[in-house]
Amino acid sequence: MEQHDLSKIQKLQEKGKSDKIIKYLSSSDDTVVVAALEALSRIKDEDSVNSIAHMIDNPDTKIRVEAAKALGSIGTEYAKTYLLHRLNAEQDETVKAAIKEALHTLAEHH
C-alpha cells in the first residue's frame with residue numbers, strides 16, 4: 001500500500017494538487033507523511049505552507065525534522081517566522097538542529 005501512496009503523492013505533486021496531498025499528512029506511515037511534506041514543499045502554495053507549519057508540532061520527532069526541512073525549502077517570510085517561533089518552543093535537540101539548518105537554508109536563498 002505504501003508504494004501506491006508514494007506514487008499517488010508524486011502524481012498529485014506534478015499536478016499541483018496540494019489539497020489532496022494534505023490528506024496524506026494524517027497517515028500512520030511515516031514514509032508517506034514525509035513524502036507528502038516533501039511534495040508540499042515543492043508546490044509552495046499557501047495551503048501547503050500552512051499544513052507543513054502544523055506538522056512541526058507533531059509528537060513524532062522525525063516528522064518535526066522533516067517539516068522543518070520542508071519549511072526551509074519553501075523560503076517564504078511566513079516559513080521563516082514560523083521556524084523562528086518554533087525554535088524557541090522546541091525541546092528536542094535533533095529538531096532544533098533541523099530548524100537551525102532550515103533557517104540557514106532560508107538565509108542562503110534570500
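The paragraphs below lead through this structure from the early part of the chain to its later helices. The model is a predicted one.

The surface offers a starting point. Five lysines, K11, K15, K17, K20 and K23, gather there in a patch of positive charge. K20 may serve as the representative of this group, and it is found in helix α2, which covers residues 18–22. The relative accessible area of K20 is 40%, and this residue is therefore classed as partly exposed.

The residue that follows K20 in the numbering presents another picture. I21 is likewise found in helix α2, but I21 counts as buried because its relative accessibility is 0%. Helix α2 thus holds both a partly exposed lysine and a buried isoleucine. I21 can also be placed with respect to L37: the two are 16 residues apart in sequence, and their C-alpha atoms are 8.5 Å apart in space.

Further along the chain, the backbone deserves attention at K44. This residue is not a glycine, yet it has a positive phi of about 65°. Where does K44 lie? Its place is in the loop between α3 (30–43) and α4 (46–55). With a relative accessible area of 43%, K44 is partly exposed.

The charged side chains that meet in pairs come next. How many salt bridges are there? The count comes to 4. One of them joins the side chains of D57 and R86, with a distance of 2.7 Å from N to O. This pair links distant parts of the chain, since D57 is in the loop between α4 and α5 (61–74) while R86 is in helix α6 (residues 77–89), 29 residues apart. The two partners also differ in their exposure class: D57 has a relative accessible area of 40% and is therefore partly exposed, whereas R86 counts as buried because its relative accessibility is 15%, under the 20% limit.

R86 takes part in another salt bridge as well. Its partner there is E90, and the closest N and O atoms of the two are 3.1 Å apart. Both E90 and R86 are buried. Salt bridges that share partners join D57, R64, R86 and E90 into one network. R86 can be followed through this network from D57 to E90.

A further salt bridge is found between the side chains of E66 and K69, at 3.4 Å from N to O. Here the partners are 3 residues apart, about one turn of the helix, and both lie in helix α5. Are E66 and K69 buried or exposed? E66 counts as buried because its relative accessibility is 15%, and K69 counts as partly exposed because its value is 47%.

Helix α5 also contains V65. At 12% relative accessibility, V65 counts as buried. A residue distant in sequence is found beside this valine in the comparison of positions: V65 and V95 are 30 residues apart along the sequence, while their C-alpha atoms are 5.1 Å apart in space.

Attention now turns to the aromatic residues. A search of the whole structure finds 1 aromatic pair. Y78 and Y82 form this pair, which is tilted, with 6.0 Å from centre to centre and 40° between the planes. The term tilted applies because the angle is neither under 30 degrees, which would count as stacked, nor over 60, which would count as edge-to-face. Both tyrosines lie in helix α6, 4 residues apart, about one turn of the helix. Y78 is partly exposed, with a relative accessible area of 39%, whereas Y82 counts as buried at 17% relative accessibility. Helix α6 is also the place of R86, the arginine described above.

The last stop is helix α7, which spans residues 93–109 and contains I99. The relative accessible area of I99 is 0%, and this isoleucine is therefore buried. I99 and S73 are 26 residues apart along the chain, and their C-alpha atoms are separated by 11 Å.

Note on methods
Residues numbered from 1 in each chain as written. Predicted model: local features only at pLDDT ≥ 70, side-chain atom pairs only at ≥ 80, totals over all residues. Heavy atoms only, no water. Patch = residues over 30% accessible without salt bridge, like charges linked within 9 Å, V, L, I, M, F, W, Y side chains within 5 Å. Areas by Shrake-Rupley, 256 points an atom, 1.4 Å probe, with all protein chains shown as cover. Lys, Arg positive; Asp, Glu negative; His and termini not counted. Charge placed at Lys NZ, Arg CZ, Asp CG, Glu CD. Helix = DSSP H or I, 4+ residues; strand = E, 2+ residues; numbered from the N terminus. Buried < 20%, exposed > 50% of the residue type's maximum accessible area, 1.4 Å probe, protein only. Phe/Tyr/Trp six-rings, centres within 6.5 Å; stacked < 30°, edge-to-face > 60°.
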